[in-house]
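Let's work through a few exercises together, with the structure open beside you. Try each task on your own before reading its solution.

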Amino acid sequence: MFKKSLVLLIVMLLVVTTLAGCGQKPAQQSGSEQQQQEQQPAAEAPKNILRMAIMSNPPKLDPVFATDTSSSRIIYQIFETLVDYDKDGNVQPLLAESWDISPDKKTYTFHLRKGVHFHKTIEGKPTANGGREVKADDWVWTFNYILNPDTASPRAYFLDMIKGYKDYQDKKTDHIAGISKVDDYTLKIEIDYPFAPFLSVLAYNTFNVLPKEDVEKYGKEQFNFHPVGTGPFKFEQWVQDDKIVLSKNEDYWKKDKDGNQLPYLDGLEFRIVTDLAMEWTEFGLGNFEQIEEVDDPYYADAKKLPGFQEGPTLGTYYYGFNLTKAPFKGNKALRQAFNYAIDRKGLIDMVRNGRALPATGVLPPGMMGYDESIQPQYTFDPEKAKALMKEAGYPNGLKVELVYNTSEGHKRIAEALQSQFKNVGIDVSLKNIDWGALLDATDKLEIPFFRMGWVADYPDPDNFLYVLLNSANIGPKGNYSGFNNKEFDDLTNQARVETDPAKRAELYKKAESIAREEAPWLFIYHYTTHSLTQPYVKNVVLPFFGEYSMKYTEVKMEK
Amino acid sequence: MEAKTEIKNIAPGRAKRKIEGRSLWMDAWLRLRKNKSAMFGMTLVIIICLAAIFAPYITRYDPYDQLIWKEGASAKLAPPSAAHWFGTDVYGRDIYTRVVYGARISLQIGFAATGISVIIGVILGSLAGYYGGFIDDIISWLTNVIFAFPFLLFVLALVAYLPPSLPLMYMSIGIISWASFARVARGQVIQVKGMEYVEAATAVGGGDGRIIFKHILPNILAPIIVQATLEVGSIIMLESSLSFLGFGVQPPKPAWGYMINEGRQFFLSGQWWWSVFPGIAIMALVLGFNLFGDGLRDALDPRLKQ
């Protein structure tokens with residue numbers, strides 16, 4: 001009897017498991033659908049989630065510590081600044097409804113928007129702030145937190161013109177003098193000298209209002225994994241190297257023209273797909289509403305699609321020389337030789353489908369201080385490069401390793417340049433590492449020769465020349481080359497306090513000329529930006545600063 | 001004078017014995033020749049080997065020469081034509097040339113890594129089989145560990161610290177793929193150890209080294225040759241996967257796996273030739289070694305056939 005029932009039990013178990021196996025199969029076939037269901041256990045089918053493929057796991061979600069575009073992309077959705085930009089790059093109100101600037105241009109008074117609330121919940125749990133309204137005190141606290149030397153934000157120095165910055169950094173006071181509350185909805189910021197791009201700097205994605213309670217609850221380490229802000233989307237989930245899920249902020253302050261609550265979307269899902277061929281294929285299959293990068297092989301096809309937009313942007317793609325390490329240390333001729341060795345136009349036309357502009361200097365076209373006629377002009381001149389190699393002490397050539405971050409596009413460019421270098425006797429070997437690892441290593445100036453790129457944080461040459469090459473910013477602040485030139489420092493420092501635009505432009509032109517002459521970088525090209533969305537995604541605006549700064553507040557899907 | 005005649009007398013005898021000994025191999029060769037697929041495999045391998053050796057004479061271009069800088073856009077991703085039999089890649093490099101030069105890399109790694117693993121595997125396997133006991137336990141345990149070892153992780157760890165290069169590649173592949181040789185050698189040695197001629201050698205006072213190298217190894221050579229031939233194929237496959245993943249031979253060296261990976265990006269947009277031709281080359285070479293190895297096994301060990 002016992003034996004029989006045991007057999008029966010085993011048979012039943014087998015049948016059940018087999019059936020269960022059969023039942024699972026159809027569900028697994030539609031992988032993306034299944035994932036959507038996992039996120040939203042609600043009965044309604046969540047069709048209103050925009051799925052986007054991004055190329056790398058963002059290093060940081062805490063805006064205070066983020067310095068790169070893949071992090072900013074997510075931060076823009078969760079956090080908000082006092083002001084931001086319209087699509088032409090003009091400053092427009094965001095959490096500040098309006099502002100007054102004193103006649104001496106040293107005092108800014110911001111009239112804060114009413115009815116802005118911090119996120120009430122994240123990850124399905126109530127936040128420490130409980131969804132309270134943002135007031136001037138929050139801004140005062142936030143700026144004091146970001147600029148606090150103990151916080152050590154890598155971008156705090158963007159605001160070093162604020163009154164009392166130095167004393168606060170030197171720990172002479174416990175708060176920054178230049179930032180104060182006038183009343184609950186009025187904030188006053190005083191700066192030491194009239195700084196033309198000041199409003200633009202405030203739009204930079206580090207200077208978001210933060211809820212004190214949550215920052216203190218999670219602390220510096222954990223807030224990165226539980227970010228709480230005021231933005232149109234709330235943080236839900238971050239699976240490292242896999243995906244980031246954001247959900248709609250129901251209490252968002254903004255309504256559209258007809259009085260409908262924004263954002264229209266129920267959520268955003270960023271999936272990390274490092275392989276660009278995969279991004280393109282999945283987009284074709286309809287598994288993504290948007291992809292970060294259309295790789296060069298698919299550019300011609302993508303260009304024909306209705307959801308494709310493209311435009312120039314303020315940015316420079318370059319290979320940095322480490323001026324603190326051999327062989328580039330103290331060897332200007334060698335650095336110039338590199339710059340004469342490459343055929344930029346050919347590279348852009350052939351390898352990049354013409355999707356960039358040749359760079360022979362730091363500043364991108366469209367930026368104050370950019371001037372085509374600034375000397376020296378790095379043309380493609382292998383003979384000159386060879387002569388300079390001799391002068392540099394390498395008549396028989398030299399071997400050097402280029403470190404770049406993993407991406408087919410970077411690899412393709414590197415391989416093309418590798419062959420051009422070979423023609424002048426430079427033997428470049430290639431090594432690819434993860435983006436986060438590359439940033440870490442360049443922050444510490446560990447790599448002699450590295451790929452890097454820079455896109456504007458604010459549309460002013462200060463953001464390029466001062467940030468990237470002034471000796472005050474060596475290391476994580478942006479001067480990854482360790483460039484240290486007294487004359488250049490003086491010019492860029494002077495330009496910061498100069499108010500006359502014409503004089504500033506002159507100073508930046510001089511500084512640019514020094515940067516070209518000293519060649520701390522191998523200048524390669526200036527970026528263009530592009531975005532590709534499915535045709536049913538509406539209200540997609542290609543931002544002035546590049547696709548990475550896109551906001552989804554008013555984006556909707558009409559299937 | 002005496003000595004001379006002695007040699008003369010012995011020499012024909014030796015030659016006679018040699019002919020008899022050779023005839024076993026000759027038998028195998030006759031059996032192999034009848035096996036059509038094995039002959040096909042052998043031809044493939046020989047053709048590719050010859051192509052690799054005479055690469056500069058059968059190609060018109062330099063494998064590193066990026067023609068786009070000289071000839072412009074017409075040389076970029078040109079489809080197969082009379083000028084470029086297999087087409088060109090995005091830099092205008094001739095893919096036929098690169099595939100032919102790529103054979104050098106694959107074969108170098110294939111042979112060198114197999115050589116290393118044969119040496120390690122046969123020595124360890126023979127020791128285990130001959131001495132048995134404690135030594136056998138340790139070596140067998142080591143073999144099992146190696147079998148279970150995640151190879152990719154091992155190479156990943158290696159290239160994290162050492163720059164990827166050809167010697168690193170075959171050293172690392174070699175020291176991780178000897179396990180199958182150790183198993184074959186051990187089994188064969190145990191079998192042969194019990195034979196009368198080994199007992200005889202022991203009886204006349206032969207040392208362990210002499211017995212292993214003079215009496216046992218020559219008699220277990222056949223299965224090891226078979227194993228080695230098959231192993232070359234799988235090692236070439238392994239090298240290609242490593243290059244595909246970017247851990248193997250570094251650009252611009254024309255490794256087949258790396259070419260497939262680069263070309264894969266353009267496969268979807270219709271430029272199939274960049275990845276397909278190196279793919280065919282890998283297939284041909286691995287297939288060649290496998291068919292040849294299978295045929296060798298049948299030829300060298302007729303008992304298996306029955």
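The exercises below go from the fold of one chain to a helix pair and then to the contact between chains; keep in mind that this is a predicted model.

**Exercise 1. Decide how compact chain A is for a chain of its length.**

Solution. Begin with an inventory: chain A contains 17 helices and 21 strands. Its radius of gyration is 26 Å, close to the 24 Å given by the globule rule for 559 residues, so chain A is as compact as a globular protein of that length. Next, look at the extent of the C-alpha trace, which spans about 95 × 65 × 45 Å along its principal axes. Burial adds to the picture: 45% of the 559 residues of chain A count as buried, where a buried residue has 20 or more other C-beta atoms within 10 Å of its own. Finally, take the contacts in chain A between residues at least 6 apart in sequence; 69% of these join residues at least 24 apart.

**Exercise 2. Find the partners of strand β14(A) and the direction in which each one runs.**

Solution. Start with β14(A), residues 308-321. One partner is β19(A), residues 521-533, joined to β14(A) by 10 bridges in an antiparallel arrangement. To locate this pairing on your screen, find Gly320(A), which stands opposite Trp521(A). Another partner is β18(A), residues 449-455, with seven bridges to β14(A), and this pair is antiparallel too. Here the place to look is Gly315(A), whose bridge partner is Val455(A).

**Exercise 3. Classify the packing of helices α2(B) and α14(B) by their crossing angle.**

Solution. First pick out α2(B), residues 36-53, and α14(B), residues 273-300. Their axes come within 7 Å and cross at roughly 135°. An angle counts as roughly antiparallel only when it is over 145 degrees, so α2(B) is oblique to α14(B). As for handedness, the crossing is left-handed. The residues that make the contact include Phe40(B), Leu44(B) and Ile48(B) of α2(B), along with Leu285(B), Phe289(B) and Phe292(B) of α14(B).

**Exercise 4. Work out which element gives the largest share of the side of chain B that touches chain A.**

Solution. Count the residues on each side: 17 residues of chain B are in contact with 20 residues of chain A. Then see which elements of chain B give two or more residues to its side: these are α4(B), residues 68-71, and α13(B), residues 256-267. The largest share comes from α13(B), with three residues.

How values were computed
Residues are numbered from 1 along each chain as its sequence is written. Chains are lettered from A and ligands numbered from 1 in the order in which they are written. This is a predicted model: local features need pLDDT of at least 70, side-chain atom pairs count only at pLDDT 80 or more; totals for chains, interfaces and linings use all residues. Two strands pair if DSSP finds at least two bridges between them. Helices (H or I, at least four residues) and strands (E, at least two) are DSSP runs, numbered from the N terminus. The radius of gyration is taken over C-alpha atoms; the globule rule is 2.2 Å times the number of residues to the power 0.38. A residue is buried if 20 or more other C-beta atoms lie within 10 Å of its own, exposed if 12 or fewer, and partly exposed in between; C-beta atoms are placed from the backbone. Two residues are in contact if their C-beta atoms, placed from the backbone, lie within 7 Å. Axes are lines fitted to C-alpha atoms, for helices over the stretch in contact, and angles run from 0 to 180 degrees between N-to-C directions. Angles under 35 degrees count as roughly parallel, over 145 as roughly antiparallel, 65 to 115 as roughly perpendicular and the rest as oblique. A crossing is left-handed if the near helix is turned anticlockwise from the far one by less than a right angle, and right-handed if clockwise.
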